[in-house]
Amino acid sequence: MPEEVLFKSESDQTREEIASYLRSVADKLEQGDAVTLKSDSESVTMEPPARPTFEVKAEREGPTDGPGELSIEFELEWNENGNKEDGGSGQLEIE
């Protein structure tokens, strides 16, 4: 299935700034509100359903014998037509 990027923003931020962004998204999700992403003239508003799929990945990219790039990715996923997909694996824990 082809992927269409509707919005992208990438910049260096402090841990505190990132936490503030994540907290804002968490507040919107908790309140059942839409999430609007803006950067310069770009903007997109998304309305996650009550039970989207929540995917978390920890990745390392790069050569197997040398230093690479590490990432933690958080993703909310849902079908545009509202059909529910199969949930996923076990319960997530963050320590």
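Which residues form a nonpolar patch on the surface? The close-ups below, all taken from a predicted model, start with that one.

**View 1. The nonpolar patch on the surface.** Eight side chains make up this one: Ile18, Leu22, Phe54, Val56, Ile72, Phe74, Leu92 and Ile94. Together they have about 780 Å² of accessible area. If you're looking for the elements that give two or more residues, they are α1 (15–31), β3 (53–61) and β4 (69–77).

**View 2. Ile72, a member of the nonpolar patch.** Here we zoom in on strand β4, where Ile72 lies. With a relative accessible area of 62%, Ile72 counts as exposed, because the cut-off for that word is over 50%.

**View 3. A negative patch on the surface.** This time it's acidic side chains: Glu3, Glu10, Asp12, Glu61, Glu69, Glu73, Glu75 and Glu77 form the patch. The top contributor is β4, which gives 4 residues.

**View 4. Glu3, from the negative patch.** You'll find Glu3 in the segment before α1. Its relative accessibility comes to 74%, so Glu3 is classed as exposed, the bar being over 50%.

**View 5. Helix α1 from end to end, plus the glycine that follows.** α1 has 17 residues, so at 1.5 Å a residue it should span 24 Å. The C-alpha atoms at its ends are 24 Å apart, in agreement with that figure. After α1 comes Gly32, with a positive phi near 75°. Looking back at View 1, α1 is also one of the elements that give two or more residues to the nonpolar patch.

Terms used:
Residues numbered from 1 in each chain as written. Predicted model: local features only at pLDDT ≥ 70, side-chain atom pairs only at ≥ 80, totals over all residues. Heavy atoms only, no water. Patch = residues over 30% accessible without salt bridge, like charges linked within 9 Å, V, L, I, M, F, W, Y side chains within 5 Å. Areas by Shrake-Rupley, 256 points an atom, 1.4 Å probe, with all protein chains shown as cover. Salt bridge = Lys/Arg side-chain N within 4 Å of Asp/Glu carboxyl O. Buried < 20%, exposed > 50% of the residue type's maximum accessible area, 1.4 Å probe, protein only. Lys, Arg positive; Asp, Glu negative; His and termini not counted. Charge placed at Lys NZ, Arg CZ, Asp CG, Glu CD. Expected span 1.5 Å × (residues − 1).
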